[in-house]
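I opened this structure to keep a short record of what I looked up in it, entry by entry.

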Amino acid sequence: MIAAPTSGSGKTTIARGLMALFSKKGFCVQPFKCGPDYIDTKFHTAVCHRPSINLDTFMATATHVKELFCHYSHDADICIVEGMMGLFDGYHRGQGSSAEIALTLGLPVVLVVDARSAAYSLAAQIYGFLNFRKDLNIVGIIFNKVGSERHFQMLKQVCDDLHTECFGYLPKATALEQGSRYLGLDFSTLPENEQLIELLEAHVDWKRLSHLFSALEDTSSISENGHPSARGNRTLCVARNAESFSFIYQETLDRYRNTYFFDPETEEPGLNDIDLLYLPGGYPEKHLEALVSNEAARTAIKAFAERGGNIIAECGGMMYLCEKIITDDGEYPMCGVLPYTISARTADRKLSLGYRQFTIDGKVFRGHEFHYTQFTTQPPSSVQVYNAKGEPVTTPVFRYKNVLASYTHLYWI
């Protein structure tokens with residue numbers, strides 16, 4: 001696991017770089033991401049050429065997380081798990097944290113430490129992380145944003161005095177900083193990897209790391225249950241576009257025997273003989289003109305909903321099902337299945353963030369919410385939604401005929 005003391009330390013850059021480096025060396029690399037993040041996984045998948053899998057101990061049980069890791073790593077040479085936030089940051093103290101996932105899977109942890117404007121004082125911080133949980137296997141450090149070779153030698157003394165391994169460093173390089181947009185990292189253009197690979201190869205002991213990251217030879221100690229999902233013969237139709245509908249867990253797709261994709265900006269969905277239409281999240285508010293222009297898709301989806309077709313719509317997908325979306329530039333008609341208006345106007349932007357859970361017909365649904373758009377008026381909800389601590393929140397959930405829609409990105413288990 002690649003983890004860090006805090007967010008912004010550089011674990012995404014180093015995790016992605018190591019994935020790219022090992023892939024270039026000919027290893028089959030299986031990427032994983034702690035938590036509900038959809039965006040980091042896109043970077044992983046781009047460099048590893050195989051889907052990155054989310055591991056989350058709030059949305060799924062520890063047993064399910066073990067099964068996921070076992071199933072998706074079984075044919076890999078190397079597994080790299082990118083942590084989330086700070087190592088011990090969870091939804092309630094350390095619950096749901098990267099540390100909990102590392103303990104659940106028995107993973108060695110490499111700590112990425114931001115060394116800007118610091119040297120030997122980092123000894124106190126690193127000592128705390130090494131000793132806070134004695135059962136956690138922190139095997140060494142990679143320093144990030146190192147100013148010079150002399151600076152690195154000062155940092156290496158920290159590891160020597162703490163008797164922990166220093167795997168090397170990544171120097172400061174403006175070109176490596178990935179841009180951001182209002183919902184996280186900008187994945188509209190994926191970064192180049194060559195300079196990052198060259199720097200890691202020159203300054204990090206990647207051969208030593210390759211042994212630490214090797215896939216388990218015997219996974220029976222983790223799980224004996226094989227694939228965690230029952231696929232059956234079900235058929236799934238998925239709205240997918242690089243940005244407007246793109247927040248999809250690979251495990252969701254793998255639950256279906258047959259999966260068909262269509263682009264709501266340019267294509268009409270084939271909705272005959274399917275078991276479920278899935279409208280995932282993304283950034284539809286960035287592509288409203290294209291969505292409006294494809295009236296055939298919107299009409300087909302509304303007709304499917306009205307005749308009782310099964311639909312799950314999450315966040316951006318739910319917005320697409322609404323009557324319209326308004327922005328600073330005007331109003332844009334959507335599918336009209338749900339009689340509500342969504343505002344993406346600058347003046348109405350408000351962050352809604354966190355884990356969510358609710359119960360329908362005795363089944364508990366869990367997921368994550370992260371958006372700035374809002375309803376123009378607070379609509380009624382079919383059920384009460386709660387956060388990870390069990391506190392009520394105002395997130396609405398809609399049930400209309402066989403439609404289930406919400407701002408919550410669900411994890412289906």
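The entries below go through a sheet, the cores, two helices, some backbone angles and the cysteines.

**Entry 1, the sheet.** I note at the outset that the model is a predicted one. I looked up an open sheet and found six strands in the order 11-10-12-13-23-22, with mixed pairing. Strand 11 (258-262) and strand 22 (397-400) form its edges, since each of them pairs on one side only. From one strand to the next the twist averages 15 degrees. I then followed one edge inward: strand 10 (residues 235-239) runs parallel to strand 11, and the two pair over five bridges. Within this pair, Cys237 stands opposite Tyr260 of strand 11.

**Entry 2, the cores.** Which residues have the most contacts inside the largest nonpolar core? I found Met1, Leu55, Leu87, Ile126 and Phe143, in a core that has 54 residues. I took Phe143 further and, leaving aside its neighbours within four places in sequence, listed its contacts, among them Val113, Ala115, Leu122, Ile126, Phe152 and Leu155. Cys159, Cys166, Gly168, Tyr169 and Leu170 are also in contact with Phe143. Apart from the largest core lies another, of 36 residues, including Leu288, Ala313, Met319 and Tyr320.

**Entry 3, helix 1.** I checked the span of helix 1 (residues 11-24), which has 14 residues and reaches 20 Å from its first C-alpha to its last, close to the 20 Å expected at 1.5 Å a residue. Twelve of the 14 residues are buried, so helix 1 is largely enclosed by the rest of the structure. The buried residues include Lys11 and Arg16 as well as Ile14, Leu18, Met19, Leu21 and Phe22. Just after helix 1, I found Gly26 with a positive phi of about 100 degrees.

**Entry 4, helix 3.** Helix 3 (residues 62-73) has twelve residues, and its reach of 17 Å between the first and last C-alpha is close to the 16 Å expected at 1.5 Å a residue. Its buried residues are His64, Val65, Glu67, Leu68, Phe69, Cys70, Tyr72 and Ser73. I asked what covers the buried residues of helix 3. The cover includes strand 2 (29-34), strand 3 (53-55) and strand 4 (78-82), together with helix 4 (98-105) and helix 9 (250-253).

**Entry 5, positive phi.** Most residues other than glycine have a negative phi, and I looked up two that do not follow this. His163 is not a glycine, yet its phi is positive at about 55 degrees; His163 sits in the loop between helix 6 (149-162) and strand 7 (165-171). At 75% relative accessibility, against a cut-off of over 50%, His163 counts as exposed. Lys401 also has a positive phi, near 50 degrees, and is placed in the loop between strand 22 and strand 23 (403-406). With 49% relative accessibility, Lys401 counts as partly exposed.

**Entry 6, cysteines.** How many disulfides does a search of the whole structure find? The search gives zero. I went back to Cys237, the residue opposite Tyr260, and found that its closest cysteine sulfur, in Cys335, is 12 Å away, which is too far for a bond. The sulfur of Cys335 in turn has its closest cysteine sulfur in Cys322, at 9.4 Å, again too far for a bond. Cys237 is buried, with a relative accessible area of 2%, and Cys335 is buried with 5%.

Methods
Residues numbered from 1 in each chain as written. Predicted model: local features only at pLDDT ≥ 70, side-chain atom pairs only at ≥ 80, totals over all residues. Heavy atoms only, no water. Pairing = 2+ DSSP bridges. Axes fitted to C-alpha atoms, helices over the stretch in contact; angles between N-to-C directions. Core = buried A, V, L, I, M, F, W, Y, C linked by side-chain atoms within 4.5 Å. Buried < 20%, exposed > 50% of the residue type's maximum accessible area, 1.4 Å probe, protein only. Contact = heavy atoms within 4.5 Å. Expected span 1.5 Å × (residues − 1). Disulfide = S-S within 2.5 Å.
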